[in-house]
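I wanted to look through this model with the structure open beside me, and I kept notes as I went.

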Amino acid sequence: MALTLQALTFAHQFTTSWLHPAGKKTDRPLHIGVLSSATINAAAIIHPAETHADVLLYGIASRDARTARTHAQAYGFLKSYGSYDELLEDPVVDIVYISTPNGLHFEWAYKSLEAGKHVLLEKPFTSNATEAKKLTAKAEQSGKILMEAFHWQFHPAAHRFRQILEDGRYGKILSTHALMTSTPEVPSGDIRWQYDLAGGSLMDMTYVVSFTRYALQAGTPKEVLSAKARLSKHDPRIDEAMEAAMLFRTKEDYDVHSTVYTDMARGWKLYIIPRLWELPSVKVETETTTIYFYNAMMPHIYHYIAITDKATGRTTYEKQYKGGPQWKDTGETYWSTYRYQLEAFVDKVRGREPAHWVTNQDSILQMETIDEVYKKSGLPLRPTSLRAVE
Ligand SMILES: NC(=O)C1=CN([C@@H]2O[C@H](COP(=O)(O)OP(=O)(O)OC[C@H]3O[C@@H](n4cnc5c(N)ncnc54)[C@H](OP(=O)(O)O)[C@@H]3O)[C@@H](O)[C@H]2O)C=CC1
Ligand SMILES: O=C1OC[C@@H](O)[C@H](O)[C@H]1O
């Protein structure tokens, strides 16, 4: 369902930017430069920037000058560049948004920091934990802001979900289960099938690990109990699907059993029905209830948090499109996860306290968890850039 969800997000973003333009920009808005002409750009940065008064769509770079020009004209960027390096050389760019394939995240984020830019970097942070640590050190040394674009965590629904879990009234957490699948399958030739570009279902659908760690407020698993990959027919290093079980130690010092499932080629039900209802979600079982966050990845389109009492079977439903424990009065019901994320990123750059943040340390722990699952499954870690091992 992931691809359909992505298409719905494009439609949602296009409509909301059109209905709610930012109007006048601030006197000196932050100038954004986008590295690549990726499909995700429109939803993840372009439309959010259109509705943010303090952000200007300044430049877009592509490996191909004509592509960059076409995208600049289509989306109203002031400048286009025929190489990523040219954009980084432009002193007017304040923030670089990087949407290259995963395997190039490290290299371009590193170079962007070196060029003195703040960086909003697409998920997954890097190809593996070695790169994540090196990149974090570079960010610290540069004094610039770097963040993995885990947009879902910025939505008020995510904050409400965690508030419910932290409440304590439902008892201890016993187990979690998170899933993300794609029907129809991710098209052949896509970057997600390419090992050299750090593809794989767990890499792309890294959300399942993020949902789990966020729910448990956990670092890395104490142990990966099992990890079973269904391999791509074209490349045995690529996990078309991954199913893993982990043991996490909570802050309260007890173990929670967590399972995750990712699938880039999910079979249709009874071979004829695409599983359109199977949205990226996470279920948490506590002593007295199950708490199910449906469509945790793109809650702006639709979501619910269902709390089911195990004794009575009674379910109550909650939704949170605006406000909540972290945003309070900031935000609009039509804001997407990406729009909330941009609000926080700009706040951070401007020296204000953001409502939410994904720390680089958290991204390291996220990549360490992914590495451990790959190791347990017998698959190789995604390749490390030469610069990260220098
Ligand atoms: N936050 C979210 O919701 C989402 C995040 N993502 C993440 O964003 C990134 C991009 O995903 P997506 O939009 O699907 O990607 P696309 O395949 O649509 O675009 C990737 C872009 O990267 C550039 N590129 C540079 N080197 C290569 C190469 N060797 N092969 C192919 N492309 C290259 C190309 O731009 P050019 O030719 O202009 O240089 C290309 O358009 C990924 O890291 C993905 O995980 C993806 C979807 C959703
Ligand atoms: O981050 C993502 O979100 C939407 C999905 O369709 C996509 O595969 C993934 O990269």
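The entries below cover the domains, the ligand shell and one helix.

I noted beforehand that this is a predicted model, in which local features need pLDDT of at least 70, side-chain atom pairs count only at pLDDT 80 or more, and totals for chains, interfaces and linings use all residues. Residues are numbered from 1 along each chain as its sequence is written, while chains are lettered from A and ligands numbered from 1 in the order in which they are written.

Entry on the domains. I looked up the division of the protein chain and found domain 1 (9-148) and domain 2 (153-320 + 361-377), with bounds that come from an automatic or database domain assignment. Their C-alpha centres lie 27 Å apart. I then checked contacts (C-beta atoms, placed from the backbone, within 7 Å) and found 16 residues of domain 1 touching 17 residues of domain 2.

Entry on ligand 1. I listed the shell, taking residues whose C-beta atom, placed from the backbone, lies within 6 Å, and found 22 residues, the closest being S37, A38, T39, I40 and S62. Both domain 1 and domain 2 give residues to this shell, so ligand 1 lies between them.

Entry on α2. I looked up helix α2 (residues 41-50; helices are DSSP runs of H or I, at least four residues, numbered from the N terminus) and found 10 of its 10 residues buried, so the helix is largely enclosed by the rest of the structure. Buried here requires 20 or more other C-beta atoms within 10 Å of a residue's own, with C-beta atoms placed from the backbone. The buried residues of α2 include H47, P48 and E50.

Definitions and conventions: Contact = placed C-beta atoms within 7 Å. Buried ≥ 20, exposed ≤ 12 C-beta atoms within 10 Å, placed from the backbone. Helix = DSSP H or I, 4+ residues; strand = E, 2+ residues; numbered from the N terminus.
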